[in-house]
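Trainee: Could you take me on a close look at one part of this protein, the pocket, and then show me what else is worth seeing around the chain? I would be glad of one connected walk through it.

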Amino acid sequence: MSTQAPARPLTMALSKGRIFEETLPLLAAAGVQVSEDPEKSRKLIIETSNPNLRLIIVRASDVPTYVEYGAADLGIAGKDVLIEHAASHPGGLYQPIDLNIARCRLAVAVRNGFDYPAAVRQGARLRVATKYVTAAREHFAAKGVYVDLIKLYGSMELAPLVGLADAIVDVVSTGNTLRANDLVAVEDIMPISSRLIVNRAALKTRQAELQPLLDAFESASR
Ligand code: ATP
Ligand code: PRP
């Protein structure tokens with residue numbers, strides 16, 4: 001009889017909301033049903049129909065941290081979040097699959113009526129509020145535009161309306177949030193979608209368990 005402790009089930013980190021919702025069909029394609037809705041149960045560890053797979057529910061921007069440190073073997077995070085994480089943890093995560101979910105774009109937006117092209121032409125120093133400081137810094141550096149970046153954690157759309165910033169860098173999907181706040185997108189930075197991320201050690205030590213999931217996600221997201 002083996003005296004080894006049973007291995008912990010594979011652990012996948014997800015955020016509530018759109019990523020959780022859009023991951024359910026991918027899990028279903030891998031034959032996995034989920035036992036609870038995290039919006040209702042408030043549970044942070046969720047069992048699945050596969051006894052060797054459980055989900056943990058964390059903030060979107062914390063998903064890469066759980067996976068990188070091995071508290072989760074795999075997870076799903078937006079490219080926006082992964083760019084910011086990689087700035088302080090380069091190369092820490094394996095990113096095998098673009099799942100094509102939670103699609104949006106990262107864009108520069110300003111108040112309706114603010115002449116952004118003229119400000120750029122004149123070499124004005126712009127104040128830009130954003131949660132995405134790494135992506136924003138790289139974007140403006142590549143354009144040769146001087147910016148003072150102001151880090152925010154949400155509700156970026158408010159910043160130009162109350163004089164905190166001239167512009168914001170935020171994700172845009174339908175454009176409804178910009179329109180509701182009398183802002184306009186003036187520049188696209190990049191398309192965004194969510195990626196599967198895998199812990200580098202788990203990739204080696206739990207490859208046999210991970211591979212069927214990776215394969216199912218890959219074909220379901222094409
Ligand atoms: P946190 O809770 O850590 O602040 P968040 O509020 O950005 O993160 P979500 O709103 O659940 O978390 O977004 C998760 C991911 O979905 C984002 O990282 C982004 O890649 C993508 N996303 C954000 N907004 C939209 C949107 N309106 N439409 C489609 N995808 C979006
Ligand atoms: C995100 C983002 C934008 C909005 C853009 O907010 O922060 O405000 O989506 O989407 P739209 O172009 O379709 O309006 P979200 O809905 O995630 O709210 P939250 O940031 O408060 O979680």
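Mentor: Here is a walk that begins at the pocket and then moves on to charged pairs and loops. Please keep in mind that this is a predicted model.

Let us begin with the largest pocket, whose volume comes to about 1000 Å³. Its lining is made up of 38 residues, and those nearest the centre are Ala60, Asp80, Val81, Lys131 and Tyr132. Several elements give two or more residues to this lining: the helices α1 (18-29), α4 (79-88) and α7 (176-180), together with the strands β4 (74-78), β5 (93-111), β8 and β9 (183-199). Helix α4 provides the largest share, with six residues. In chemical terms, the lining of the largest pocket is a mixture of 15 nonpolar, twelve polar and eleven charged residues.

Now for the charged pairs. Side chains of opposite charge can pair when their charged atoms come close. This structure has eight salt bridges, and three of them make good stops on our walk.

At one stop, the side chains of Arg8 and Asp73 form a salt bridge, with 2.9 Å from N to O. Arg8 sits in the segment before β1 (10-14), while Asp73 belongs to the loop between α3 (63-68) and β4, so this pair ties together parts that are 65 residues apart in sequence. The two partners are covered to different degrees because Arg8 is partly exposed at 31% relative accessibility, whereas Asp73 is buried at 4%.

Another salt bridge joins the side chains of Arg125 and Asp148, at 3.1 Å from N to O. Here Arg125 is in the loop between α5 (116-121) and β6 (126-130) and Asp148 is in strand β7, so the link spans parts that are 23 residues apart in sequence. Arg125 has a relative accessible area of 53% and is therefore exposed, the cut-off being over 50%. Asp148, at 32%, counts as partly exposed.

The side chains of Arg206 and Glu209 also meet in a salt bridge, with 2.8 Å from N to O. In this pair Arg206 is buried, with 11% relative accessible area, and Glu209 is partly exposed, with 30%.

Next comes a contact between distant parts of the sequence. Arg200 is placed in helix α8 (residues 200-205) and is partly exposed, with a relative accessible area of 39%. Arg200 and Gly70 are separated by 130 residues in sequence, yet their C-alpha atoms are 8.5 Å apart in space.

Finally, let us turn to the loops. The one between β7 (147-151) and β8 (167-172) holds Val162, which is exposed at 58% relative accessible area. Val162 joins Leu158 and Leu164 in a nonpolar surface patch, and together these residues have about 270 Å² of accessible area. Ser155 also lies in the loop between β7 and β8. Although Ser155 is not a glycine, its phi is positive, at about 45°, and the residue is exposed, with 57% relative accessible area.

A positive phi is found at Arg42 too, where the value is near 65° in a residue other than glycine. Arg42 lies in the loop between α2 (38-41) and β2 (45-47) and is exposed, with a relative accessible area of 65%.

Note on methods. Residues numbered from 1 in each chain as written. Chains lettered and ligands numbered in written order. Predicted model: local features only at pLDDT ≥ 70, side-chain atom pairs only at ≥ 80, totals over all residues. Heavy atoms only, no water. Patch = residues over 30% accessible without salt bridge, like charges linked within 9 Å, V, L, I, M, F, W, Y side chains within 5 Å. Areas by Shrake-Rupley, 256 points an atom, 1.4 Å probe, with all protein chains shown as cover. Salt bridge = Lys/Arg side-chain N within 4 Å of Asp/Glu carboxyl O. Helix = DSSP H or I, 4+ residues; strand = E, 2+ residues; numbered from the N terminus. Buried < 20%, exposed > 50% of the residue type's maximum accessible area, 1.4 Å probe, protein only. 1 Å grid on protein atoms, 1.4 Å probe; cavity = no way out; pocket = protein on both sides within 12 Å on 5 of 7 lines; lining within 4 Å. Points joined across faces, edges and corners; volume = space filled by probe spheres on them. Nonpolar A, V, L, I, M, F, W, Y, C, P; charged D, E, K, R; others polar.
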